[in-house]
Amino acid sequence: MKKIVLTLVAMMTFTFGYAKDESNKAEQRVVNEVNYDMTFDMRRLASKLEMTSDQMEAMQVIQNAFNNEMQSAATAKGLERRFKVRQAVRKDVQQTKQVLNDKQFGTYMMLLGTTLHNKGL
């Protein structure tokens, strides 16, 4: 009887331990996806950068592409993730430089750098 009880306790311990590991992995995936979510309020950005309506439209397209690339990076692992993040940021910077003037671009770079730093990227 004692062996049965101890076996049952051991099985329950392993089962709960496994379930806890799975929930931690799922929670980590959600945290990673949140860290790589680069969506933001375009109107606030336009106000801060004093953009024209044409610039706003172009920036919306650029930011949607940037967010998609960052979400793609979130699913990658290790060095591939870092490479994809750098590639996405470089592409975003190059495209943004073509749309904004120098003053706007400087402010945008400050905001982008701060956002990436705060997200740990």
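What share of the 121 residues in the protein is buried? In this predicted model, buried residues make up 25% of the chain's 121 residues. The fold itself is easy to list: there are 5 helices and 0 strands, so to speak an α-α-α-α-α run when read from the N terminus. As for the outside, about 9,000 Å² of the protein is exposed, with carbon and sulfur atoms supplying 58% of that area. Contacts were also sorted by separation along the chain. Among those between residues at least 6 apart in sequence, 64% join residues at least 24 apart.

Next comes the inside. Rolling a probe the size of a water molecule over the atoms shows where empty space is left. Here the count comes to 1 cavity of 30 Å³ or more, and the largest cavity has a volume of about 30 Å³. Helix 3 and helix 4 (78-99) are the elements that give two or more residues to its lining. That lining is made up of I62, A65, F66, E69, A88, K91, D92 and Q95. Sorted by character, the lining residues of the largest cavity come out as 4 nonpolar, 1 polar and 3 charged.

One loop residue also deserves a look. E50 sits in the loop that links helix 2 (42-49) to helix 3 (53-75). Its backbone has a phi near 55°, a positive value in a residue other than glycine. Is E50 buried or exposed? E50 has a relative accessibility of 60%, and because the cut-off for exposed is over 50%, E50 counts as exposed.

Conventions. Residues are numbered from 1 along each chain as its sequence is written. This is a predicted model: local features need pLDDT of at least 70, side-chain atom pairs count only at pLDDT 80 or more; totals for chains, interfaces and linings use all residues. Side-chain values use heavy atoms; hydrogens and water are left out. Helices (H or I, at least four residues) and strands (E, at least two) are DSSP runs, numbered from the N terminus. Buried means under 20% relative accessible area, exposed over 50%, partly exposed in between (1.4 Å probe, protein chains only). Contact means heavy atoms within 4.5 Å. Accessible areas come from the Shrake-Rupley method with a 1.4 Å probe; for residues, only the protein chains shown count as cover. On a 1 Å grid over the protein atoms alone, a cavity is a set of points where a 1.4 Å probe fits but cannot get out, and a pocket is an open set with protein on both sides within 12 Å along at least five of seven lines; lining residues have an atom within 4 Å of a point. Grid points are joined across faces, edges and corners, and a volume is the space filled by probe spheres set on the points. Ala, Val, Leu, Ile, Met, Phe, Trp, Tyr, Cys and Pro count as nonpolar, Asp, Glu, Lys and Arg as charged, and the others, Gly among them, as polar.
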